[in-house]
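Please keep the viewer open beside this text, since each stop of the tour names a selection and then describes what is found there.

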Amino acid sequence: MKAIRIVLSQKMAHYKKEETVTNKMTYPLPPFSTVIGAIHNACGYKNYHKMNISIQGNFESLNREAYTDHCFLNSVMDDRGILVKRVNSNLQSTAFIKVAQALKSTGNSFRKGETIQVFNQKLMDEYLKLKNINDEIEIFKNNRIKKVEEVIRKRAKNLKEKKKKFDKKSEEYKKLDLREKELKNLKNIIKERFDTYKYENYEKEISKYASLTTSIKYYEVLYGVNLVIHIQSDDDTLRDIKENIYNLKAIGRSEDFVDIKECEYVELIDNFEEGFEFTSKNSAYINYDLVKNNSIFFEKQKKGIPANGTRYKINKVYDNSTGKRIFSKIDVLYTSNYCIDDESKEVFFDKEGKYIVNFN
């Protein structure tokens, strides 16, 4: 079988486990979906090109690194956190300008200027002006709008009572019904105009401000990563990968740069001579079915003895026909010191590089 073998290294890498939040844990090797995505990006593909992947490798060490997590609250709080103005509140952007910060856990007030540190006085003045405008709007609403609405409500109620005295087909009933509808329409017009005024003069601008809280969280980082990736696909796709391999800048995070050591065509064999046996030097994601049927077994163990390793459900490709990314998952065992022999099935051997190749 024809395939491409890519050998690369990374000084550091983080392959995030989706379900981890406070302590962002990493997979020991990149998931299939991460590699497929990186390859598609390097080749400039906009649509999925079917490919099978084999991933193996190792790393020197794993450490936890601290980072500051930023969380925007749903509302602007007057007595806590950091008051910020978003650069573009219409987009899911994390860019912001710090306006002021509360200095104590309690007893602060941005409006009163109590125990806060101001970073941008111009924006602080703008924020306070907006809050004052909102106060004036609320006073107007309570003193004027609500009184008018109450008058309209009472008149509409009286008209409704008067209508009960007349036949629905009578002229008197029709006149009263028309007047009642006019009052309801007037109430809707007043509300609409008030809401528009409030939005244009307050809500639109205040929505650009937010309360930001920060906390220390951690993520795991692998150091000294070495990967061997085999890819099986059609001839055109393999050619594209080889021609564009140096467009592959990172795997994992955008800062997890790769150093391409090798990208070569290889021929893989799956018919093994009698007496053949080979033990891998790398750790790898092994398809769990191959472990169960003893196509892959473990050094210094007899076939049939349970395997040692960590079982994962690893993402490969996704379907977004419903508008959401739904990944197909591959059941794998992450392990090392695994072997194949002349009876192994559905597994390949890279004779030139001395690698066991297990496509998923």
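## First stop: two loops

Begin by selecting N337, which lies in the loop between β14 and β15; helices (H or I, at least four residues) and strands (E, at least two) are DSSP runs, numbered from the N terminus. This is a predicted model, in which local features need pLDDT of at least 70 and side-chain atom pairs count only at pLDDT 80 or more, while totals for chains, interfaces and linings use all residues. Residues are numbered from 1 along each chain as its sequence is written, and side-chain values use heavy atoms, with hydrogens and water left out.

N337 is not a glycine, yet it has a positive phi of about 55 degrees. With a relative accessible area of 37% for C71 and 41% for N337, both residues are partly exposed; here buried means under 20% relative accessible area, exposed over 50%, and partly exposed in between (1.4 Å probe, protein chains only).

Next select K354, in the loop between β16 (348–350) and β17 (355–357). K354 is likewise a residue other than glycine with a positive phi, near 65 degrees, and its relative accessible area of 48% makes it partly exposed.

## Strand pairs

Now display residues 310–319 and 326–335, which are strands β13 and β14, paired in the antiparallel sense over eight bridges; two strands pair if DSSP finds at least two bridges between them. Within this pair, Y312 of the hairpin stands opposite V332 in β14. Six residues lie between the two strands of the hairpin, where G323 takes a positive phi near 95 degrees.

Move on to the open sheet of three strands, whose order is β10-β15-β12 and whose pairing is antiparallel. The edges are formed by β10 (277–279) and β12 (297–298), each of which has a single partner strand, so one side of each is left without a neighbour in the sheet. Between β12 and β15 (residues 338–341) there are two bridges, and F297 stands opposite C339 in β15.

## The largest core

Which residues touch the most other members of the largest nonpolar core? Select I6, L248 and Y285, which hold that place among its 37 residues; a nonpolar core is a set of buried Ala, Val, Leu, Ile, Met, Phe, Trp, Tyr and Cys residues joined through side-chain atoms within 4.5 Å. The elements that each supply at least two residues include β1 (2–13), α1 (32–43), β8 and β9 (259–269), and the largest share, seven residues, comes from α1. In soluble globular proteins, nonpolar side chains tend to be buried together.

Leaving aside neighbours within four places in sequence, L248 is in contact (heavy atoms within 4.5 Å) with L8, A38, I39, A42, V258 and I260. A second, separate core has 22 residues, among them Y127, I145, I152 and I190.

Colour α1 by accessibility, and nine of its 12 residues prove to be buried, including F32, V35, I36 and H40. The end C-alpha atoms of α1 are 17 Å apart, which agrees with the 16 Å expected, the expected span of a helix being 1.5 Å times one less than its number of residues. Just after α1, G44 takes a positive phi of about 75 degrees.

From there select L227 in strand β8, which is buried at a relative accessible area of 1%. L227 touches, among others, I6, L8, Y15 and L29, not counting residues up to four places away in sequence. L227 and F59 are 168 residues apart in sequence, but 8.7 Å apart in space, C-alpha to C-alpha.

## Helix α3

Select residues 171–206, the 36 residues of helix α3, which should span 52 Å and whose end C-alpha atoms are 51 Å apart, in agreement. A kink of about 50 degrees is centred on Y199, where the bend at a residue is the angle between axes fitted to the seven residues ending there and the seven starting there. The buried residues of α3 pack against α2 (121–163) and β8 (209–232).

Is E180, in helix α3, buried or exposed? E180 counts as buried, at 7% relative accessibility, and beyond its neighbours within four places in sequence it is in contact with A156, L159, K160 and K163.

## Last stop: cysteinesFinally, select the cysteines: a search of the whole structure finds zero disulfides, a disulfide being a pair of cysteine sulfur atoms within 2.5 Å. For C263, the nearest cysteine sulfur, that of C43, is 9.3 Å away, and C263 is buried, with a relative accessible area of 8%.
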